[in-house]
Amino acid sequence: AYTSFVPACSASFDLLSYYTTMVKLFAISVLYKGPESARLLKAAYDLQQFGFFQRGSVQEFMTFTSKIITERCNPCSRQSVKEQEYMCHVYVRADNLAGVVISDHEYQYRVAHNMINKVLDDFAAKVPAHLWPSTEESAIPYSELPATLTRWQNPREADALTRVQEEVEETKIILHNTIEAVLERGEKLDDLVNKSEMLSLQSKTFYKTARKTNSCCSFG
Amino acid sequence: MMFMFQILLIFKMKPKLIFKVNINKHHCRKTSKLERTRYRNHNKPADFFLGFSHTSGFPLLLCDSFIYITGKVSTLTTMEDVTCERIMKKIEAVLSQDTLLDEFDIVFSLGEVNRSPVVHVEHKLGLESWCVKHVYAYAYAKIMGSKQTKRREDPAQVLRWTQFCLLIAPEVTTFWNLRKVLLGQGDLSANLELHFTRLILSRKPKCMEVFQHRKWMFKNVIAKVIPQQANGPNGIDPEHHNGNGVVFHSEQIERFLFAELDLCTWAANKHQNNYHSWNHRLWVIQQFATYVGLVDVCRAEYEESHKWISVHVSEHSGLHYLQYLLDSIVSLVNESKVENVSEIVPYVNSVTKLYQRELDFNRDLIEEYEDHEALFCHRRFLLTRLRDLLCSSPQRTCSPPPPALKRSCVETVNSEWSSVLLGEHFLIEKCTQKKTYQKTLGEKHAQWLNNVIGI
C-alpha cells in the first residue's frame, strides 16, 4: 500500500512545494534498439545544475551513455545502473523500443521505471512503428519529452496520478553498481569513449580530467 | 637523473619559445612523501592536467606523459610575458566591470585559433585551457619572486597575479594571505573580494580556503565599525557585496549573514556532502547568536533545513546541521530565551513533542526513500536525545546508569518512552521485510537499540 505522508502539522510541511526547484532528473531519451546498435529517436535534458561551459559535454555524455546502456540491455528487461553520482535507468520493450532516464541517486528507481513505461506507451501511441528503425531524430513527430521531464522532477505529483507501486515490481529491476558491470567481458569504458564518434574532443578530454573517484567522501 | 630527463625534454617537447624561469630553490623542493601520498589519495587529474600541484600550488610541467616537479632551474615552453599580462588584465577587467558575473570555468581548447583565451558570455567567464599552465607559471613566479626580494610591489599588480592564480588554484593559502594583507591596507575593496570568492565557489564549491577567507573578511573587515565615508553610504546589495567604509549596524550585519546563508545553500547544492559549506553555515548561525539573535534565524532555518533534507535524503551534512539546530532550539528553551518551543516551531508545545515530530518526519522519509543510511544515523541522534530527556530523573547522577538500571528506565515511568520504542519496533519490522539494503539497515538499527538503549 502506498504510504502517504500525513504531517503532524499541515501548515509547515507542504512537501509538494519542496520539489519544484530541485533538479533530480537530467535526461529522458527514447531509443530504438536495432540489431547492431541503438538509435536515438528523441531526447530531453535538464542541465541547469551543471556549469555553463560543461553543458555541451555533459549532454554528449548522456547521449553516449544512454546508447551504450540500451545496446547492452536485453529486450523485456529493466536495469538501473549507478555511474558515479548518477543513476541510469533503462527499459527495453519486446518491440525494441527503449527508454532511458538519467537521474541522481536519490531519485527512486521504481518511480523512474514507471516514468519510462508511461513515456514509451505515449510515444508508441503517437509515433507509428515503421518510423522507428530509420528516421532521423529531427523528423520524429514527438515533442512531449521536455514537459514530461519537468513534470516528473516532482515524483510525488507524478506518482499520485499513476499509482506507482502496483505497476512496476521491484524484483524485476536489475541493479548494477557501476557501468562496467553492464559492459561485455573485455570491454572498457575508456576504450568506448575514445572510439566514439559522437563525442567531441572536448568531451573526451572532459571525461579524462573530470572523473572523480569517490569524491563525495574526499576532504578537498 | 636530472641529466636523463633533460635529454628526454629535448626529444619530447617541441619548443616554440623557451624562456628560463628562475624559480628559487626554496620554492621548488622535491615533493615530500606525504605530499605524494596526498596526491594519490586526492586523485585530482584535472589539476594535474592544468599544470599545477593541487596541494602546494607549484606549477608543474606537463611533458607528454611525464609529470615532474622542477629542480633548480626549469625551462618551459611558454608564451611571452606581455601576453600573460594581457590575459590577466583582461580577466581583471571582466571581473570588475561585470557585477552580475556568476560563473567561472576552464574551457578545454587546443588554442589553434588565434584569439583571446578569455571567454565572456552571458555573465559567465571562461578561460581556455591551453594558456592556463603558462600564465599560471608566470604569475606564480612573479608572486614568489616579489615575496623573495621583499620589494614593495605595486598592489594592483599583486592583486592581478593572485587573482589569476586563485581562479586556477584556490587551495593555495599563500595567495589568499597576500590578498588579506592588501584588504587590511585598504588596497582592495571588500565588495570585489566577496564577488570574487563567490565566483571561485562556482567552479570549486567545496574549497575550504574560500570559506575561510570569507570568515576572515567578516571578522576583520566587515564587522569592524568603520567611519562613514564623506559621500555617504552606497546601496548595499547583500547578494554580491557589502559596502566598504560604511558604519555597520546590526541590521546590515544581519542582511550580510542572511546572504551568507544563501551562499551556503547554493554551494551545498553544487556538490554533494559539501561539509565545508555546511560548516560555514554553522559558523554563520554562531555569528547570528553573537550579533543579531538566534530566535528568528532558528525559525527560518528550521523550515529551510526540512525542505532541503526532503530532497537530499542521503546527505549526512544536511542532517548534521539539523541536529545542531535542534540542539540550539532546545538550549534557547532551557536558558529561557524563549518561553516555549512554539515561538520557533509553530504548533509544537514542548521539547518532547519537537523530538517526536522529528521522529515522525524521519520515519516517513525512511519509508519513502529506501536504502539511505544517513536517515538512520539521524534517527539514532533523535532517539538518544529523547531518551536523555524522558529518562532522566533528579535522583540520578551525571554518570550513565549501569546496564541493569537502563532496563528499569524503560519499565518505570515513561509511557511516552515506551510508545517511542514500540514505534521503533514497528519500523524495524517493516524494514526487515524488504529485500534490499533497507533490510540490513533495519537490522543494524535493531542492534543499536539493543546495545545502546538497552532494550
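A salt bridge is a side-chain nitrogen of Lys or Arg within 4 Å of a carboxyl oxygen of Asp or Glu. Keep that rule at hand for the first exercises. The model is predicted.

**Exercise 1. A bridge across chain A**

Task: Decide what kind of contact the side chains of A:Lys24 and A:Glu106 make. Then place both residues in the chain, and say whether A:Lys24 is buried or exposed.

Solution:
- Step 1. Look at the N to O distance, which is 2.8 Å. The cut-off is 4 Å. The two side chains therefore meet in a salt bridge.
- Step 2. Locate A:Lys24. This residue is in the loop between α1 (15-18) and β1 (25-33) of chain A.
- Step 3. Locate A:Glu106. That residue is in the loop between β5 (97-104) and α3 (109-126) of chain A.
- Step 4. Note the separation. The partners are 82 residues apart, so the pair links distant parts of the chain.
- Step 5. Check accessibility. Buried means under 20% relative accessible area. A:Lys24 has 6%, so A:Lys24 is buried. A:Glu106 has 7%, so A:Glu106 is buried.

**Exercise 2. Bridges within a helix**

Task: Find out where B:Asp296 and B:Arg299 lie, and where B:Arg363 and B:Glu367 lie.

Solution:
- Step 1. Take B:Asp296 and B:Arg299. They form a salt bridge, with the closest N and O atoms 3.3 Å apart.
- Step 2. Both residues belong to helix α12 of chain B. They are 3 residues apart, about one turn of the helix.
- Step 3. Take B:Arg363 and B:Glu367. Their salt bridge has an N to O distance of 3.9 Å.
- Step 4. This pair lies in helix α14 (residues 351-368) of chain B. The spacing is 4 residues, about one turn of the helix.
- Step 5. Add the accessibility of each arginine. B:Arg299 is partly exposed at 33%. B:Arg363 is partly exposed at 28%.
- Step 6. Widen the view. Over all chains the count comes to 29 salt bridges. In chain A, a network of salt bridges links A:Lys67, A:Glu71, A:Arg72 and A:Glu187.

**Exercise 3. Aromatic pairs in chain B**

Task: Classify the ring pair of B:Phe258 and B:Phe288, then the pair of B:Trp278 and B:Trp308.

Solution:
- Step 1. Begin with the total. There are 15 aromatic pairs over all chains.
- Step 2. The ring centres of B:Phe258 and B:Phe288 are 5.0 Å apart, and their planes meet at 65°. Planes over 60 degrees apart count as edge-to-face. So this pair is edge-to-face.
- Step 3. Find the helices. B:Phe258 is in helix α10 (residues 250-270) of chain B, and B:Phe288 is in helix α11 (residues 275-292) of chain B. The pair therefore ties together parts that are 30 residues apart in sequence.
- Step 4. Check accessibility. B:Phe258 is partly exposed at 31%. B:Phe288 is buried at 1%.
- Step 5. Turn to B:Trp278 and B:Trp308. The distance is 4.8 Å centre to centre, with 70° between the planes. This pair is edge-to-face.
- Step 6. Place the tryptophans. B:Trp278 is in helix α11 of chain B, and B:Trp308 is in helix α12 (residues 294-311) of chain B. B:Trp278 and B:Trp308 are buried.

**Exercise 4. Charges over rings**

Task: Which rings lie under A:Arg78 and B:Lys206?

Solution:
- Step 1. In chain A, the charged end of A:Arg78 sits over the ring of A:Tyr91, 3.9 Å from its centre.
- Step 2. In chain B, B:Lys206 lies over the face of B:Tyr275, 4.8 Å from the ring centre.

**Exercise 5. Three strands and two turns**

Task: Describe how β4(A) pairs with β3(A) and with β5(A).

Solution:
- Step 1. β3 (residues 77-83) of chain A and β4(A) are antiparallel, with 7 bridges. A:Ser77 stands opposite A:Val92.
- Step 2. These strands form a hairpin with 2 residues between them. A:Gln84 in the turn has a positive phi of about 55°.
- Step 3. β4(A) and β5(A) also run antiparallel, joined by 7 bridges. A:Tyr86 has A:Asp104 as its bridge partner.
- Step 4. This hairpin has 4 residues between the strands. In it, A:Asn96 takes a positive phi near 70°.
- Step 5. Of the 7 residues of β4(A), 6 are buried, so the strand is largely enclosed by the rest of the structure.

Terms used:
Residues are numbered from 1 along each chain as its sequence is written. Chains are lettered from A and ligands numbered from 1 in the order in which they are written. This is a predicted model: local features need pLDDT of at least 70, side-chain atom pairs count only at pLDDT 80 or more; totals for chains, interfaces and linings use all residues. Side-chain values use heavy atoms; hydrogens and water are left out. Rings of Phe, Tyr and Trp (its six-membered ring) pair if their centres lie within 6.5 Å; planes under 30 degrees apart count as stacked, over 60 as edge-to-face and the rest as tilted. Buried means under 20% relative accessible area, exposed over 50%, partly exposed in between (1.4 Å probe, protein chains only). A charge sits over a ring if NZ of Lys or CZ of Arg is within 6 Å of the ring centre and within 35 degrees of the ring normal. Two strands pair if DSSP finds at least two bridges between them.
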